[in-house]
Each structure stands twice: as structure tokens, then as C-alpha cells.
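Work through the following exercises with the sequence and the model side by side. Each task is followed by a solution that goes step by step.

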Amino acid sequence: MKVPINNIGGKIVKDNETYLLKDNNHLKKLIVSSTLLKPGKETRGHSHQGQEEVYFFERGYGEMILGDEAFEVKGGDVVLIPDGMFHKVKNKYIHPLYFVCVFDGKRYE
């Protein structure tokens, strides 16, 4: 199945003043999730024991916190998140930041 990175489809998980989050559950073992992070907003930050993730930044600019490290991210960047590592994304800019995340089939809020 082919899906465009800028619209992976799926079910809306959250739609609020911070972000629009969708999960595409077409695969059996992986979830492909998209986040449109609104200007000036940030994700709550979290970690998952037993779960690795990959973030593909498609457009916009922001900051990623990965453990104790903070670094800039932009469209075209890929961030590998090790098992159990704290991670958070901030959008400090005036345009939305859009990224796609791939993780195993369990969502931990």
C-alpha cells in the first residue's frame, strides 16, 4: 500500500489547539502516525519502555529533545529514538511542523 507522506490517512487520535494527530493502522505490527504541530506548541514529551521509534520530519522547523540533548529539526530530517529514551518536539516558529512517526503496534499515551 502506498500513502503520501503529507497525508498518511488513518484515524484522528487527537485534534486540539496543540496538534492534529492521526494513526494509520493498516499494518499488523507497526503504526504510522502523523503529527501536525501548531506554531508555538510542543508535544507533552514521553518515553516508552520496550519501544523504539523513528520520526520523519516532512516540513517546518522545530526543536527535538532526545534524552538530555536538544537539537534543531527541519523537513528532511530523520530522528531515531532508542528504546526507553525520553523525547519531545517543540515548534518555536510561525508555521506548522509536520512529521511522521513509525513505531510498534502499541500506542502509549
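**Exercise 1: The fold as a whole**

The chain has nine strands and zero helices, where helices (H or I, at least four residues) and strands (E, at least two) are DSSP runs numbered from the N terminus. The model is predicted, so local features need pLDDT of at least 70 and side-chain atom pairs count only at pLDDT 80 or more, while totals for chains, interfaces and linings use all residues. Residues are numbered from 1 along each chain as its sequence is written, and side-chain values use heavy atoms, with hydrogens and water left out.

Task: determine how the radius of gyration of the chain compares with the globule rule.

Solution. The radius of gyration, taken over C-alpha atoms, is set against a rule of 2.2 Å times the number of residues to the power 0.38. For the chain it is 13 Å, close to the 13 Å that the rule gives for 109 residues, so the chain is as compact as a globular protein of that length. Of these residues, 36% count as buried, buried meaning under 20% relative accessible area, exposed over 50%, and partly exposed in between (1.4 Å probe, protein chains only).

**Exercise 2: An open sheet**

Task: describe the strand order of the open sheet of three strands, and explain why one side of β6 and of β8 is left without a neighbour in the sheet.

Solution. The order is β6-β5-β8, with antiparallel pairing, two strands being paired if DSSP finds at least two bridges between them. Strands β6 (69–74) and β8 (87–90) stand at the edges with a single partner strand each, so one side of each has no neighbour in the sheet. Strand β5 (residues 61–66) pairs with β6 over six bridges, and Leu66 stands opposite Glu69 in β6.

**Exercise 3: Salt bridges**

Task: find which residues are joined with Glu63 into one network by salt bridges that share partners.

Solution. A salt bridge is a side-chain nitrogen of Lys or Arg within 4 Å of a carboxyl oxygen of Asp or Glu, and the structure holds five. One of them joins Lys90 to Glu63, with the closest N and O atoms 3.9 Å apart; Lys90 lies in strand β8 and Glu63 in strand β5, so the pair ties together parts that are 27 residues apart in sequence. Glu63 also meets Lys92 in a salt bridge (3.2 Å, N to O), and Lys92 belongs to the loop between β8 and β9 (97–104), 29 residues apart from Glu63. Glu63 is buried at 12% relative accessibility, Lys90 is partly exposed at 21%, and Lys92 is exposed at 51%. The network therefore consists of Glu63, Lys90 and Lys92.
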